[in-house]
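Visitor: I would like to learn how to read a model of this kind, feature by feature, before I take anything from it to the bench.
Guide: Then let us look at it together.

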Amino acid sequence: MLECQQLTKRFGERLALDALDLRVGGGEIFCLLGANGAGKTTTINLMLGFHTPTSGTVRVGGVDPAADPHAARALLAYIPEQVNLYPLLTGLENLEYFVQISNGRRYSRDDLMGYFTQAGLSSADAGRRLGEYSKGMRQKVGIAVALAKQAKALLLDEPLSGLDPKAANEFCSLLIALKERGTAILLATHDLMRARDIGARVGIMRAGRMLAQRDTTELTHNELEQVYLDLMRA
Ligand SMILES: Nc1ncnc2c1ncn2[C@@H]1O[C@H](COP(=O)(O)OP(=O)(O)OP(=O)(O)O)[C@@H](O)[C@H]1O
Ligand SMILES: [Mg+2]
């Protein structure tokens, strides 16, 4: 569903991504780990068609996001670290708005409320202004958008940072539920423990390169941490 082959991105002299190979299939969670500046956000931005590759290819459901960003984004939902929605609109109105601009469809209030509650938000929250929501609640509106537009793939850029342990745990359960519905999930995170818990595979990046990919079943938490630290030191 998500595929990069020898994907390279330069910003002027700076090599942000260096021949990255990555595949994430439907029903799979892949966690991208790596130091600050490793190229995780750049990878996600290339999938969204926000940047064009310097060389190599990126495909979203077979679509080249640089050539046809609308077609690629129709298949995707994206949850950045800070989900920026309209603070004066209610949670449900935000959901309605963002689903409509992404696929042009109108949903009944009951349908929207169904997606809203499936994303772990309460019907009481639906009528509250988004400006009153916590970070974790705003992230869940992003999940509701993914559910409503039936996104084939979900891209998340450090969605767990700043969530309290209960909110992070709930959020991970939502991701697992989406995975079980067949969504391909690419998650950039610094949280090794949760990456190992929810990801089928993890990829460790440094300075634009994918240094290692591992099946999480092969590794304990401690082993993953050791592999990560060894790669950062090497
Ligand atoms: N628009 C841009 N213009 C110039 N350089 C950029 C741009 N976007 C990213 N870079 C550079 O590309 C490299 C990779 O950055 P990126 O944001 O992808 O890293 P990251 O892995 O997401 O890091 P972090 O963990 O800090 O979020 C960095 O050296 C960064 O300075
Ligand atoms: Mg980043």
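The dialogue below takes up the ligand shell, two helices and a few single residues.

Guide: This is a predicted model, in which local features need pLDDT of at least 70 and side-chain atom pairs count only at pLDDT 80 or more, whereas totals for chains, interfaces and linings use all residues. Residues are numbered from 1 along each chain as its sequence is written, chains are lettered from A and ligands numbered from 1 in the order in which they are written, and side-chain values use heavy atoms, with hydrogens and water left out.

Visitor: Which residues come nearest to ligand 1?
Guide: A residue is near a molecule if one of its heavy atoms lies within 4 Å of it. Here 13 residues are around ligand 1, and those that come nearest are Gly37, Gly39, Lys40, Thr41 and Thr42. Sorted by class, the shell holds four nonpolar, six polar and three charged residues, where Ala, Val, Leu, Ile, Met, Phe, Trp, Tyr, Cys and Pro count as nonpolar, Asp, Glu, Lys and Arg as charged, and the others, Gly among them, as polar.

Visitor: Which side chains place a polar atom by an oxygen atom of ligand 1?
Guide: A polar contact is a pair of N or O atoms within 3.5 Å; within protein, one must be able to donate a hydrogen and the other to accept it, and residues adjacent in sequence count only if both atoms are side-chain atoms. For an oxygen atom of ligand 1, the distance is 2.7 Å to a polar side-chain atom of Thr41, 3.3 Å to one of Glu158, and 3.1 Å to a side-chain N or O atom of His190. On its own ligand 1 has 640 Å² of accessible area, of which the protein covers 65%, the areas coming from the Shrake-Rupley method with a 1.4 Å probe.

Visitor: Which elements give two or more residues to that shell?
Guide: Helices (H or I, at least four residues) and strands (E, at least two) are DSSP runs, numbered from the N terminus. Strand S2 (14-24) and helix H1 (40-47) are the elements that do so, and H1 gives the most, with three residues.

Visitor: How many residues of H1 are buried?
Guide: Buried means under 20% relative accessible area, exposed over 50%, and partly exposed in between, with a 1.4 Å probe and protein chains only. Seven of the eight residues of H1 are buried, among them Lys40 and Thr42.

Visitor: Why do the buried residues of helix H4 lie on the same side?
Guide: An α-helix has 3.6 residues a turn, so residues three or four places apart point the same way. In H4 (residues 109-118) the buried residues are Leu112, Met113, Tyr115 and Phe116. They are on the same side of H4 because they cover an arc of only 160° around the axis, taken from the directions from the helix axis to the C-beta atoms. These residues pack against helix H3 (91-103), helix H5 (123-126) and helix H6 (135-148), contact meaning heavy atoms within 4.5 Å.

Visitor: Where does phi take a positive value?
Guide: Most residues other than glycine have a negative phi, and most peptide bonds are trans. Among the glycines, Gly49 follows H1 with a phi near 75°, and Gly120, just after H4, has about 85°. Gln6 is not a glycine, yet its phi is positive, near 50°; Gln6 lies in strand S1 (residues 2-11) and counts as partly exposed because its relative accessible area is 43%. Gln150, also not a glycine, has a positive phi of about 50° and sits in the loop between H6 and strand S6 (153-157).
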